[in-house]
Structures are given as structure tokens and as C-alpha cells.
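Please look through the sequence and the structure below before reading the numbered points. They are meant to be followed one at a time, with the model open beside them.

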Amino acid sequence: MERLDKHLASRGVGTRKEVQKLIKSGAVTVDGSVCKIIDRKIDAENTAVLVNGQPVGEKFIYIMMNKPAGVVSATEDKRDKTVIDILPDELKRRGLFPAGRLDKDTEGLLIITNDGDFAHRMLSPKKHVEKRYIATVDGEISEETIKRFEQGIELSDGYKCMPAKLELAAKNDNNVGIVTICEGKFHQVKRMFAACGLNIVHLQRISIGNLYLNSNLPIGYCKTLTNLEIMQIFIGNIH
Ligand code: URA
């Protein structure tokens, strides 16, 4: 059971104060009757709540962002702009958070949601959801580096990474690699290359599971995911 004002606020109708005003004004009906009781307990699954005759939005939101460099993957930060700060206004105050982190200077696919269970499932190391990155490095990616990725790189702190796939993005350019990992350790891709004597000069995440960054989504923009796109995160993942 959920309080009526909380129910409406969590679905983006307004702030808690705004929805309380709305409820008191008589704009809200519960199962067909006007309800002015702000803390009326409702069973959200089985109750029809309308605002000015219209159904309210979904509780859970799933967003694909093409994260720009220069913003941090956090909900708040004293110094830097966060990925939540750059969302459109109507998506703020919905309890959204980034499901996983990209470094401040990394660009590309970031999922933002308010569904904690979903985020947990996506990030759980047990699920082995693959993340794919395009990495531009300051030297040449050799056959030896590709083999070391395949065997599982040992990081400077002694952590042995799981086997990862490294391919050249183009045959005639060995500064750019496509890396696939299914872990998410802090600075993992940078540290894997560093262990092979290479520094990353540009890093972009292009996919999570079978969900690819939409090529027509400009940097800094976001879109809500369809149900199919949400499923694509887990498709092909047998764990
Ligand atoms: N690995 C990194 O080093 N940085 C990222 O942002 C993501 C993966």
C-alpha cells in the first residue's frame, strides 16, 4: 500500500507539495470518486488513480543517455555537473540514478533509471552482462595485447580480470580497439590497457548486453527505452 501523494509524486505528477495541493483541489479521483485525502492508502496495482481525468505515468523509468565527457555519473556532486543535472526538467525529481558508472571523461551509453531491482540485475557480476567500449589508445594494440586481454589481465593491484575480448576497430588502425568486458571494476578498461603499457585517450561505451547506443542520439541527449530495448540488455545472457 502506498500513500496517494507519494504515488502521484513518484509518477512525475509534481513535487510532494504540488500533488498535495492538487489532491486538496479535488483534481484527483480514486476508483472513480474524488479523493481529497492526501495520505489515503492505495494499492497501486489495483487502483485507478486519475488526475484531471487522465491516467498518471509509469512509476519506473528507463532512460538511455549518450553521456558527454565532463559530467559525472552520480546523482549529486559538489563540484561537477551530474548526469541527472543534464536531464530534461520533467525527468528531474523522479528518483533517477545512473545504473553503473562511466568515468567523467568517458562518453556513451549510460542507463538511468529509478528501478533499483533492475539496476541490481544489470550490474550484478553474476549476470555477466557484457559492456562494449571503443577505446582509442596512445600506442599500437598488438597481437600480444589482444592475447593478454583474452587470458585475463592482471591489474596493478593484483586483481585478475575475467577474460575480455579485444578487437581492432579497423584493420589498418591499431590505435583503436573494441573491448568487451562483463565486469565493472573502477576504471577497469583504462587499467587493463595501462597494464599493457597503453593509455586511453578516448573511451566510449557503445553497448550493454544487446542494447546499442542509438547512433542518432546526440551526445548529451537521452531517450526513454522501449520494453524491447530494456529486454535487449539481458538477451543473449544465459546466466
Ligand atoms: N572502464 C573505464 O576505465 N572507464 C569507464 O568509464 C568505463 C569502463
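1. In which sense do strand S2 and strand S5 pair, and over how many bridges? Strand S2 (residues 28-30) pairs with strand S5 (residues 49-51) in the antiparallel sense, over 3 bridges, and Val30 stands opposite Val49 in S5. Strands here are DSSP runs (E, at least two residues) and helices are DSSP runs (H or I, at least four residues), both numbered from the N terminus, while two strands pair if DSSP finds at least two bridges between them.

2. Before going further, please keep in mind that this is a predicted model, in which local features need pLDDT of at least 70 and side-chain atom pairs count only at pLDDT 80 or more, whereas totals for chains, interfaces and linings use all residues. Residues are numbered from 1 along each chain as its sequence is written, and side-chain values use heavy atoms, with hydrogens and water left out.

3. The strands S2 and S5 belong to an open sheet of 4 strands, whose order is S3-S2-S5-S6 and whose pairing is antiparallel. At its edges are strand S3 (33-34) and strand S6 (54-55), each of which pairs on one side only.

4. Strand S13 (residues 200-208) has several partners, and they do not share one direction. Strand S9 (residues 107-113) runs parallel to S13 and is joined to it by 2 bridges, with Gly108 opposite Arg205 in S13. Strand S10 (residues 131-137), in contrast, runs antiparallel to S13 and is joined to it by 7 bridges; here Arg132 stands opposite Ser207.

5. Two hairpins can be followed along the chain. S13 pairs with strand S14 (residues 211-212) in the antiparallel sense over 2 bridges, and Ser207 stands opposite Tyr212 in S14; the hairpin has 2 residues between its strands, and Gly209 in the turn has a positive phi of about 60 degrees. Strand S11 (residues 165-170) and strand S12 (residues 173-181) pair in the antiparallel sense over 5 bridges, with Leu166 and Val179 as bridge partners, and they too form a hairpin with 2 residues between them.

6. Turning to the ligand, the residues around it (those with a heavy atom within 4 Å of it) include Leu102, Asp103, Thr106, Tyr133 and Leu203. This shell divides into 4 nonpolar, 3 polar and 2 charged residues, where Ala, Val, Leu, Ile, Met, Phe, Trp, Tyr, Cys and Pro count as nonpolar, Asp, Glu, Lys and Arg as charged, and the others, Gly among them, as polar. Helix H5 (residues 188-194) gives the most to the shell, with 3 residues.

7. Some backbone atoms also lie at short listed distances from the ligand. A backbone N or O atom of His187 lies 3.2 Å from an oxygen atom of the ligand, and for a backbone N or O atom of Gln188 the distance to an oxygen atom of the ligand is 3.4 Å. A polar backbone atom of Val189 is 3.1 Å from a nitrogen atom of the ligand.

Technical notes: Polar contact = N/O pair within 3.5 Å; in protein donor to acceptor, adjacent residues only side chain to side chain.
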